[in-house]
Amino acid sequence: MLKEAIILAGGFGTRLKEVVSEVPKPMAPVNGIPFLDYLIRYLKHYGIEKIILSVGHQSEKIISHYGDDFTYSIEKEPLGTGGGIRLALEKCKNTNVLVLNGDSFFDIDLHAFYNKHNDAISDCSLALRMVDDAARYGTLQLGELDVITQFKEKTNINKPGLINAGIYLLDRQVFLDETPEKKNFSIEKDFFEKKLQEINLYGFTFKGYFIDIGIPTDYQRAQNDFKEFKY
């Protein structure tokens, strides 16, 4: 079973700073409470016992808010998404670890995701979402049996596409073995794309509610959507 999860909460939030600048993006208030609270409630619903908050920019505000409730992985200098995950994985013990972006929410059944990951004997699995407008996201293609075959750069063209929705399941030891220690790197560019032919990389498509609060319009939409948050 899934027992450990990492939430990436160390980004700078440059696209949202006109609306929220006094706190890190994952702490942006949605209906009066931090966005992170919703992610935490979601994880606890699925039985996650250990949550590691990967923090960097304005980390003191996250730590002072949550205190001793969680484990913290603190970036002394920016390590990128990949480096931040690697540092946090050193605080994990389980074979499979869930990773979530701290500025988006994708309502999927984590038990189903875990089962698909295990059944495929996957080294790394991505939760995917088909969206009507993929202009601001990179997209990807799947081959047989949900194997990821290609990543595509974002085109800024308004058309549907299959996107990486920011939830991953990682084989902890594979990730540690295949990535550099204490280096700044991108999990998307320097791990997913570069290791595409070397590791078992799968993508599983789900249809749940998805939102990325990284831009002001979607942040404002969250204020209404999350009034009926079910977790």
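## Two loops with an unusual backbone

Leu145 is found in the loop that runs between strand E9 (139-142) and strand E10 (148-152). This is a predicted model, and in it the phi of Leu145 comes out near 60°, a positive value in a residue other than glycine. Most residues other than glycine have a negative phi. As for its surroundings, Leu145 is exposed, with a relative accessible area of 73%.

Gln58 has a positive phi too, near 55°, and is likewise a residue other than glycine. You'll find Gln58 in the loop between strand E4 (50-55) and helix H2 (59-66). Is Gln58 buried or exposed? Its relative accessibility is 17%, and the cut-off for buried is under 20%, so Gln58 counts as buried.

## Helix H2 and what it leans on

Moving on from Gln58 brings us to H2. Ser59, Ile62 and Tyr66 are the buried residues to look at here. Where do they sit around the axis of H2? They cover an arc of only 65°, which puts them on the same side of the helix.

That buried set packs against strand E3 (33-34), H1, E4 and strand E5 (71-74). Just after H2 comes Gly67, with a positive phi of about 55°.

## Helices H3 and H4

H3 (residues 80-89) is mostly covered, with seven of its ten residues buried. The buried ones are Gly82, Gly83, Gly84, Ile85, Arg86, Ala88 and Leu89, so a run of glycines and an arginine are on the list.

In H4 (residues 110-119), the buried residues are Leu110, Phe113, Tyr114 and His117. Look down the axis of H4 and these fall within an arc of 100°, so they line one face of the helix. What do they pack against? The partners are H1 plus four strands: E6 (96-101), E8 (124-131), E11 (161-171) and E12 (201-205).

## Two nonpolar cores

In soluble globular proteins, nonpolar side chains tend to be buried together. Here, the largest nonpolar core has 51 residues, and the ones with the most contacts inside it are Tyr42, Leu43, Leu53 and Leu98. Which element gives the largest share of this core? That would be helix H1 (residues 35-45), which supplies seven residues. There is also a second, separate core of 28 residues, and Ile85, Ala88, Leu162 and Phe192 are among its members.

Tyr42 is worth a click in your viewer. Leaving out residues up to four places away in sequence, Tyr42 touches Leu100, Phe105, Phe106, Asp107, Ile108, Leu110, Ile167, Phe229 and Tyr231. One of these partners, Leu110, is also one of the buried residues of H4.

## Residues in strands and in H5

Ser104 belongs to strand E7 (residues 104-106). With a relative accessibility of 7%, Ser104 counts as buried. Beyond residues up to four places away in sequence, Ser104 touches Phe35, Leu39, Ala165, Phe210, Ile211 and Asp212.

Lys152, by contrast, sits in strand E10 and counts as partly exposed, at 36% relative accessibility. Its contacts, with residues up to four places away left out, are Gly138, Thr139 and Gln141. Lys152 and Phe204 are 52 residues apart in sequence, and their C-alpha atoms are 17 Å apart in space.

Val174 lies in helix H5 (residues 172-178). How far is Val174 from Thr95 in sequence and in space? The two are 79 residues apart in sequence and 9.3 Å apart in space, C-alpha to C-alpha. Not counting residues up to four places away in sequence, Val174 touches Asp123 and Ile199.

## One cavity

Rolling a probe the size of a water molecule over the atoms shows where empty space is left. This structure holds one cavity of 30 Å³ or more, and the largest cavity has a volume of about 40 Å³.

Which residues line the largest cavity? They are Leu79, Gly83, Arg86, Leu87, Glu90, Pro180, Glu181, Lys182, Lys183 and Phe185. By type, the lining divides into four nonpolar, one polar and five charged residues. Gly83 and Arg86 in this lining are also among the buried residues of H3.

Note on methods
Residues are numbered from 1 along each chain as its sequence is written. This is a predicted model: local features need pLDDT of at least 70, side-chain atom pairs count only at pLDDT 80 or more; totals for chains, interfaces and linings use all residues. Side-chain values use heavy atoms; hydrogens and water are left out. Buried means under 20% relative accessible area, exposed over 50%, partly exposed in between (1.4 Å probe, protein chains only). Contact means heavy atoms within 4.5 Å. A nonpolar core is a set of buried Ala, Val, Leu, Ile, Met, Phe, Trp, Tyr and Cys residues joined through side-chain atoms within 4.5 Å. On a 1 Å grid over the protein atoms alone, a cavity is a set of points where a 1.4 Å probe fits but cannot get out, and a pocket is an open set with protein on both sides within 12 Å along at least five of seven lines; lining residues have an atom within 4 Å of a point. Grid points are joined across faces, edges and corners, and a volume is the space filled by probe spheres set on the points. Ala, Val, Leu, Ile, Met, Phe, Trp, Tyr, Cys and Pro count as nonpolar, Asp, Glu, Lys and Arg as charged, and the others, Gly among them, as polar. The arc is that of the directions from the helix axis to the C-beta atoms.
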